[in-house]
Amino acid sequence: MIPIVTADEMYAIDREVAERIGIRDDSLMENAGQALFRALKERISRAHRVAVLAGTGNNGGDGFVIARMLKSCGYETDVWLIPPREKVKGAARMALEVYERSGYSWLPYEGNEQAFAARVPHYDAIVDALLGIGVKGDVRPPYKEIIEQVNRTSATVYAIDVPSGVPADGGDVSTAVCADVTLTIQCPKLGAYTFPAADYYGEIAVVDIGIPPVAVQAKAAARFLWEQSDVVRAMPKRTRSSHKGTHGKLLIVGGSKVMSGAVTMTAKAALRSGVGLVTMAVPETVYEAVANRVPEAMCRLWPAEDGAFAGAADWDGLDIDAMAIGPGMGRTDGVRRLVNELVRHPVPLVIDADALFFWDDYAERVRGRNAPTVITPHPGEMARIVHRSVREVEHDRFGVSKRLAMEYGVYVVLKGPYTIVTAPDGAQYVNATGNPALAKGGSGDVLTGIIAAFLLQHEAVQPAVSNAVFVHGKAADWLVQHGHSPWDVLASDVIDALPAVLASMT
């Protein structure tokens, strides 16, 4: 897992490294520049003409080390120092002086604005070492004009740590570098996983510069990027002696006359994800519509009213290990009564879709459950749950998720690009798989089935949920890589892609 940090946390980590661990600022900057150079060397051709744009702070200092190494290795490199030399202070000043004593020159931007504008279009690669993580508010001249010129070029743009102009913690963006690649230092910053900031990052590559993990653990919240190596490590292994009961008995409660397909997609996704037995509890009036769609699943007919659940559950002889409720249920009073009854059942529970509509009715009961509860809202559903606007939710995805998870003791899966899984203790895990192909009806029903199936097979809840989110997104990625476009993928296609993805994980 790779830690994700805020700007303040990164500053605190740097102080911890310098003051308690004893690695000096200039040594850390040299380490950073060398590591960043090695990453750039793998990407930039020796035949390319390179520009390094350096500002006053640590970001600029990293740029001086990078430039020194590029020149030492024979790259044709121009270094543009944007502020007057006397404004460069601290470790960045030392890096600039080492660069100069190494026999290399730089170009002052001040007084040479027209020359800069004339040269920028002719670079093949531009290294953005202008502003770093300290940006707050609008970008001021001359950086605003420089950024606009960079964005008009055809050069490949490599941002150091964050694209200049993008707030490290996310939020609104006025003027910012549109990077092709962002080489983020040691820990990705929060804004890399929230929009609109994330749109400016391009590909994200994490560059380890040798900060001891103990410093990150001491100063950063429990907030991580969940990677494929984490998935593989946590994925359960099947034994030869296992049978269908070993991998759990799942009850999926959903469906209505107008949305009969949702519950069947959840059931099929759960079966494809390894659950042993699936029972679909559906309103009796939709039995004909769902019975033959998933022949491997059993059907349980519950009382119906106006094409939806009438509000009563039939538990007679029903043996289950977990429940998933919500797909296609509708929002009638009967559904309200049924959901309030279901959350009392003491088994692991996944709450999705229409069942989330009635959150205020049963929230206090959820707080007191003695079995794990997973809720899977998209931003609109989350806004309804927390009584805020969608805009407010999207601007504080990490904060909103954490407060809700800790207040009610639930696992929150806030869906969307970079889905966030938050555990009841406040620890957060970000998923980076998936693409716009998932922005289509039924995708959430598929995810619910995968989560429920994994809950029954993993030893711990958080890895189960995070793995499910990863696999769901990876299936969409696999489809786009194998003949589909982001426009044509159906939720059922995602289910069909699960075998290939799971085969690569186990």
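# Briefing on a predicted model

The protein has 18 helices and 20 strands. The model is predicted, not experimental. Of its 506 residues, 56% count as buried. The notes below cover the protein as a whole, two of its helices, the loop between β7 and β8, and some backbone features in other loops.

**Overall dimensions and surface**

- The C-alpha trace of the protein spans about 85 × 50 × 50 Å along its principal axes.
- The accessible surface of the protein amounts to about 20,700 Å², and carbon and sulfur atoms account for 49% of that surface.
- Positive side chains number 50 and negative ones 59; the centres of these two sets lie 3 Å apart.
- Counting contacts between residues at least 6 apart in sequence, 69% join residues at least 24 apart.

**Helix α9**

- Helix α9 covers residues 261-272, which makes 12 residues.
- From its first C-alpha to its last, α9 reaches 17 Å, close to the 16 Å expected at 1.5 Å a residue.
- The buried residues of α9 are Ala262, Val263, Thr264, Thr266, Ala267, Ala269 and Ala270.
- Cover for these buried residues of α9 includes the strands β10 (249-253) and β11 (277-283), and it also includes the helices α10 (287-290), α16 (443-455) and α18.
- Gly274 follows α9 and has a positive phi, near 100°.

**Helix α17 and the loop after it**

- Helix α17 occupies residues 461-481.
- The 21 residues of α17 should span 30 Å at 1.5 Å a residue, and the end C-alpha atoms are 30 Å apart, so the two values agree.
- Because 17 of its 21 residues are buried, α17 is largely enclosed by the rest of the structure.
- Just after α17 comes Gly483, with a positive phi of about 100°.
- Trp487 sits in the loop between α17 and α18, the latter being residues 491-505.
- Is Trp487 buried or exposed? Trp487 has a relative accessible area of 73%, and the cut-off for exposed is over 50%, so this residue counts as exposed.
- Trp487 and Ala439 are 48 residues apart in sequence, and their C-alpha atoms are 9.1 Å apart in space.

**The loop between β7 and β8**

- Lys189 is placed in the loop between β7 (181-185) and β8 (203-207).
- Lys189 is buried, because its relative accessible area of 0% falls under the 20% cut-off.
- Which backbone oxygen does the side chain of Lys189 reach? The side chain of Lys189 reaches the backbone oxygen of Ile185, at 3.2 Å.
- Setting aside neighbours within four places in sequence, Lys189 is in contact with Ile4, Val5, Met10, Ile133, Asp161, Val162, Ala168, Thr184 and Tyr201.
- Thr194 is also in the loop between β7 and β8, and Thr194 is buried, with a relative accessible area of 7%.
- Beyond its neighbours within four places in sequence, Thr194 contacts Asp169, Gly170 and Phe398.
- Pro196 is another residue in the loop between β7 and β8, and the peptide bond leading to it from Phe195 is cis, with omega near 15°.

**Backbone features in other loops**

- Pro141 and Pro142 are joined by a cis peptide bond, with omega of about 0°.
- Pro142 belongs to the loop between β5 (125-129) and α6 (143-151).
- Asp161 is not a glycine, yet its phi is positive, at about 75°.
- Asp161 lies in the loop between β6 (156-160) and β7.
- Asp161 is buried, with a relative accessible area of 8%, and it is one of the residues in contact with Lys189.
- Tyr418 is a residue other than glycine with a positive phi, near 60°.
- The location of Tyr418 is the loop between β18 (411-414) and β19 (420-422).

Key: Residues numbered from 1 in each chain as written. Predicted model: local features only at pLDDT ≥ 70, side-chain atom pairs only at ≥ 80, totals over all residues. Heavy atoms only, no water. Helix = DSSP H or I, 4+ residues; strand = E, 2+ residues; numbered from the N terminus. Buried < 20%, exposed > 50% of the residue type's maximum accessible area, 1.4 Å probe, protein only. Contact = heavy atoms within 4.5 Å. Areas by Shrake-Rupley, 256 points an atom, 1.4 Å probe, with all protein chains shown as cover. Lys, Arg positive; Asp, Glu negative; His and termini not counted. Charge placed at Lys NZ, Arg CZ, Asp CG, Glu CD. Expected span 1.5 Å × (residues − 1). Polar contact = N/O pair within 3.5 Å; in protein donor to acceptor, adjacent residues only side chain to side chain.
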